[in-house]
Every structure is written in structure tokens, then in C-alpha cells.
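Student: I would like to take a close look at one part of this protein and learn how to read it. Could you walk me through it slowly?

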Amino acid sequence: MLIPPRGQRREQPPETQHHHVMVDNEHQQENSITRSHFDKQENQAAILLQLDAMRTTVTRLLASQKPQERRIALEEMDESLLLVEKWAHETGELTNTIQAEIAKMKVQRNAALPIHALPRELLTAIFLICLKPITWSIHDILRLMSVCSTWKRFLESSALFWPKLHSKYSLPIVELVLRRNPSGPLRVVSPDEEAASKKSDVLGLAAEYSTRWCAIAFKGVVSNTVKEQLQVPTPNLTELQVINYGLPQFPSITLNLSEGKKFHHVVLSGVTIPWDSSRLLGLRSLQLCKVTHNSPSLSQLHTVLVSSPELWYLRLSELTEPSDDAASILGPPPTLFLPELSALVLYMIPEHFMVHLLTHIQAPVCSCIVAANIPFSITANSGFQTLITQALRVSNGVRITSSCASLFLASEQRPRVPINWAHSFKKTVGMDIKIRRGESGAAWKEDIQSVLNVVTVHAPSNLAVGFIPSSSALPITTASELLRLLPTTKAIRCYRLFDCHDVLQYLVVEDGSGPGFPCPDLETLMLRPKDDTEVELLRCLLRLRQLSSQKIDSSVRPLKRLSAPQSVLDMLNMDGLLEGLETEPVSETDE
């Protein structure tokens, strides 16, 4: 332990005193600079001698495998260096030679830090957590390189830490990445924020190294120049993500694929590819959007899916009918077992695509389903009912909305799944589906009852029913019929100009047999009575609910919230029927 000159001694903290007890006598003798020694050796040679002795002692201590002893050595070394520097300043002996020796000791001290004792493989793994290839940024690696020279040399020496070419970087930065990564895999990213000329420059430079591409993510207008730059040989490419903004003025761009590894992720919007390519067998995510030309046939799509058991995300939207559709699948179509599929999005696709996928996909962990224009003809299908089960179970409340021509099933918090890079997809749960009459126009009450039975079994709590007006001359069901199928509903909302007479009539007089209490769990009611008859029915309902909820053995819950036009609320308030109710006025004509 270094002892300061006379007049500079200071009390040592308890931790330091404890450390002195732990070290052996030899260590105390070698690592001490007594006051008398400082008094006698006030010259450069004495300081260098003491630095050398200090270095020898600390080197031996740092060689210890015991973390406690290493920690003590580092603390003592820091304190000794501080005292030597201070004393050298005060005596005027801080020469270039002494400064160089002190710098050597600091290097030795830094080299002894625990992080430098880690195996190279483990240190690489730690840095890759900070520098993930997907979110890699030049600014992140430059910050890490500025920590110390050891880290700088380490990060400069491995291609793994320089994985991305981004169109937002200047050409000198792009060239720097290529120098640091002369042979490793490359991710090429070109988002829509950059100018077309800059995108083309970076893609043109990156195209020279296309055999090392592992991922390409392009968003913008796919011009002829960009198309040529994307059609270079890519034998190691596993992520193809191209979102073309050239639509709707132009048909989908067709990209030809070279031979190479199988894709893991494919995201295409306004772009089509050869759908019989062997590179599509074994996908983990597939997103197709706005494919207006050369879209895949149902047979081709089925082949891709049946060979991709690790698929976790499937999105098909705005696909046109293939001109040479080999839609029929010879023989009984095999089940599409996708054990990893967690999100399924289908809308604006040919109806036979929709029917086939929703009745043949088996996805036991699929917790997110978004689909539009599902024909009623498949709602009684056991495959469809099984498919939506998990999404129902994880939904925090389910809304069933009827327009008398369509039926909407949605989670209280609807899942949002915009088309985006596969790695930017934020996992979401729930469902948002629209069921309507199919091309046949058929919609049977048995089908409605079948799908609603599934809803009540797997999402019995927090059910809400809504009604919106429809101009359809052939309603699929009435309001009272729908409520009879959903006895556990907790909320009923009549939107816009929907005639609520049928709803009130059912809630007050069930089946015309006298006062009854259907929907005993009802807590929230929103409606717009249009005439005195409907207002009187509402009065009767409130009175019946109040009387029934006051009974000790009653299973009827009291109404908690009522939304109605202000004029209706004023009349009910004058009758003393709003006591204990949360009220909210709504407009006469809209929600």
C-alpha cells in the first residue's frame, strides 16, 4: 500500500483497513512506501523503483483466481496510482519518463478487468446482443468502439459486427462497412424515407456483393433499375422483403429468383415471384399484398404452406384471381398443420382461397386472426371453429355486431397487423373477422347458431352485442334471435339509426309470454328510442331490473350504464329511474 508523504496522510476507510488485514506480511512489505522512504528518495529513480515494485506486486495479486483478491488488488492499485501522481506533481518529478511508466501501469490495470478475462466467443455473444444485425446502427458500434482501445480492436476485427448496408448512410460509411466486413453476410436495407437516387446508389454498390446478401429489405418504387439490382444472384439470401409503391398505376412487378438457400421470410407488396420456386419451401413468415399480376394459384399456395411447418405469420391481402388458376387440388386436400402459426390475416382474396385456408389450417397456438368476408357456409365447419378457438380464449372481451346481412366478431381490443418487415411485427392477440353471405348467397340460422355457440363456450365473459342498420331485404337474423343465442352478454349497443324496438321488446317480454329477464348479466345499454312506445318499453325495462335486482335470491344484475339521447335521459330522470346509473348522452342520429 502506498503511503503519502509527511503532512499528507489521511484516514483510511474501514474497507481499506479490512483489506490490509487480509493480505500477507510479504505483500505488506512489498507494497508499502514509508514516510521515511519518501523523505530519502525524492528523485526520479526512487519513484520509478516504487512503480516497478508496485507493478510486480499487483501483477502477482491479479493473477489470483479468487475474485475477492483481484478486487482488492484493483482497488489498491487505483489508490496507489493516485497517490504517486499527486506526489510527483507536488515534488515536480512528473517527467515524461514517469508519465510513461504510469500509463503502462494503467494499461496493465485495465487489462486485468474481469471483462478482458472472458473467452472471445463469450465476449462476441455479449457484443452481438448490443449490435443485433436486425437493428444494427453505425452509431451504436462507434459508441462501443470509443470505450477503450481493446474494444475498438476487437470490434474492428470481426465481420459479425458490421452486418448492414443502409441507404441512409453516406457512401464512405457504406465503404467502411464493406472494408470491415470483407467476406461475411450482409443485410441490405432501403426504407421509403430515402431519395430514389440514393437508394439506387447504395443498391448498385451492394449488388456487387449480392452473393453475400442474407437479407434484402426494400420499400419504394421498384423502377427498372431497381428491378435489375434486385435480380442479381443471391445464393445466401434468406429474407426477401420488397414493398413496391409503384401501384396502382402499374401491375405487379415480377422478380426472377436465382438458385440458393430456402427463404425464411418473404414480404411482397406489389411484387410477384415464381411461385413454384423451391426456395419458398420452408418459410417462417409469408406476407403477400396487392399482387395484381401472376398471383399464386391455390395449388401453389397450398404446396408452399404444407412444406412450411415452422410458419408463424401468414398474411394474404388484395390478391387477384390467378388467370391460369389450378385452383382444384387433386384428391382430398391434406390438412395444413402449422404448429407454430400465431397470426393469420386474410382479406380481399378469392373466396375459394378463403374457404380452403380457414377450413384446412390447423394452428393450435394461433392467437390472432383477422379476416374479412368469410362466407357463412363455413362457420359450421369444425376446422374453422377449432381455428378461432385460441383467439377467442385470449381475447379480453368479444364484440358481436350484426348488420342483419353480416356478422362481425372482434376482440374488445382489435389486433392491428399492418404489412411490415417480418422482424418489425409486434405480436398481438385477438380477432377481427367479418362473416357474410358467400357467392351462393346462402346464410342459414343453423350456421349462425353454430359459430355463436363456439363464442359463448370459449369466451363466455365480457360479451358485448351491437346492432347496425342494414338495407338488406333478406336479413340473416333478427335482433331478438341473436340475443337469444347470446344469453351471457353484458353490453348491448344499438348504433346509428338502428330500430331498437325489437331489442327492447325482447328484453321486456321474452317470447311474448310475459315479463322475463333475458340477458341477466346485462350491465351496459345504448340505444335511441324514436317514439313514445319505445320510451315506455325502456321505462318498463328499468323498473323490472330495479325490482328484480333487489331480491335476495335474484340472479339478475342491476344495470350500470345507460346511453341514450339527452331528451330521453331527462324523462327517465324525472321518473326517478336513473338512480345509481352511469348515464351518457348520445346524439339522436349517430353514435
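Student: Is Asp575 buried, partly exposed or exposed, going by its relative accessibility? Please start there, and then show me what surrounds the salt bridges.

Tutor: Happy to! Keep in mind that this is a predicted model. Asp575 counts as partly exposed, because its relative accessibility is 37%, and a residue must be under 20% to be called buried or over 50% to be called exposed.

Now look at the partner of Asp575. The side chain of Asp575 meets that of Arg539 in a salt bridge, with 2.5 Å from N to O. This pair links distant parts of the chain: Asp575 sits in the loop between helix H21 (566-574) and strand E21 (582-585), while Arg539 belongs to helix H20, and 36 residues separate the two. Arg539 itself is buried, with a relative accessible area of 15%.

Stay with Arg539 for a moment, since another acidic side chain meets it too. Glu536 and Arg539 form a salt bridge at 3.1 Å, N to O. Here both partners lie in helix H20 (residues 532-549), 3 residues apart, which is about one turn of the helix. Glu536 is partly exposed, at a relative accessible area of 40%. So Arg539, which is buried at 15%, has a salt bridge to Asp575 and a salt bridge to Glu536.

You can find a similar spacing in another helix. Arg143 and Asp140 both lie in helix H8, 3 residues apart, about one turn of the helix. Their side chains meet in a salt bridge of 2.5 Å, N to O. Arg143 is exposed, with a relative accessible area of 53%, whereas Asp140 is partly exposed, at 25%. The structure as a whole holds 14 salt bridges.

Since we have arrived at H8, let us see what this helix packs against. The axes of H8 (residues 138-145) and H9 (residues 149-156) come within 8 Å and cross at roughly 140°. The two helices are therefore oblique to each other; an angle has to be over 145 degrees to count as roughly antiparallel. On the H8 side, the contact is made by Ile141, Leu144 and Met145, which meet Trp151, Lys152, Leu155 and Glu156 of H9. Sorted by class, this contact has 5 nonpolar residues, 2 charged ones and no polar ones.

Two of those H9 residues bring us back to salt bridges. Lys152 and Glu156 are linked with Arg180 in a network of salt bridges. Arg180 is also a good signpost to our last stop, because helix H10 covers residues 171-180 and is among the elements that cover the buried residues of helix H11.

In H11, the buried residues are Lys199, Val202, Leu203, Leu205, Ala206 and Ala207. Besides H10, their cover includes strands E1 (164-166), E2 (186-190) and E3 (213-220), as well as helix H12 (224-230). You can check the length of H11 (residues 196-207) as well: at 1.5 Å a residue, its 12 residues should span 16 Å, and the end C-alpha atoms are 16 Å apart, which agrees.

Key. Residues are numbered from 1 along each chain as its sequence is written. This is a predicted model: local features need pLDDT of at least 70, side-chain atom pairs count only at pLDDT 80 or more; totals for chains, interfaces and linings use all residues. Side-chain values use heavy atoms; hydrogens and water are left out. Axes are lines fitted to C-alpha atoms, for helices over the stretch in contact, and angles run from 0 to 180 degrees between N-to-C directions. Helices (H or I, at least four residues) and strands (E, at least two) are DSSP runs, numbered from the N terminus. Angles under 35 degrees count as roughly parallel, over 145 as roughly antiparallel, 65 to 115 as roughly perpendicular and the rest as oblique. Contact means heavy atoms within 4.5 Å. Ala, Val, Leu, Ile, Met, Phe, Trp, Tyr, Cys and Pro count as nonpolar, Asp, Glu, Lys and Arg as charged, and the others, Gly among them, as polar. A salt bridge is a side-chain nitrogen of Lys or Arg within 4 Å of a carboxyl oxygen of Asp or Glu. Buried means under 20% relative accessible area, exposed over 50%, partly exposed in between (1.4 Å probe, protein chains only). The expected span of a helix is 1.5 Å times one less than its number of residues.
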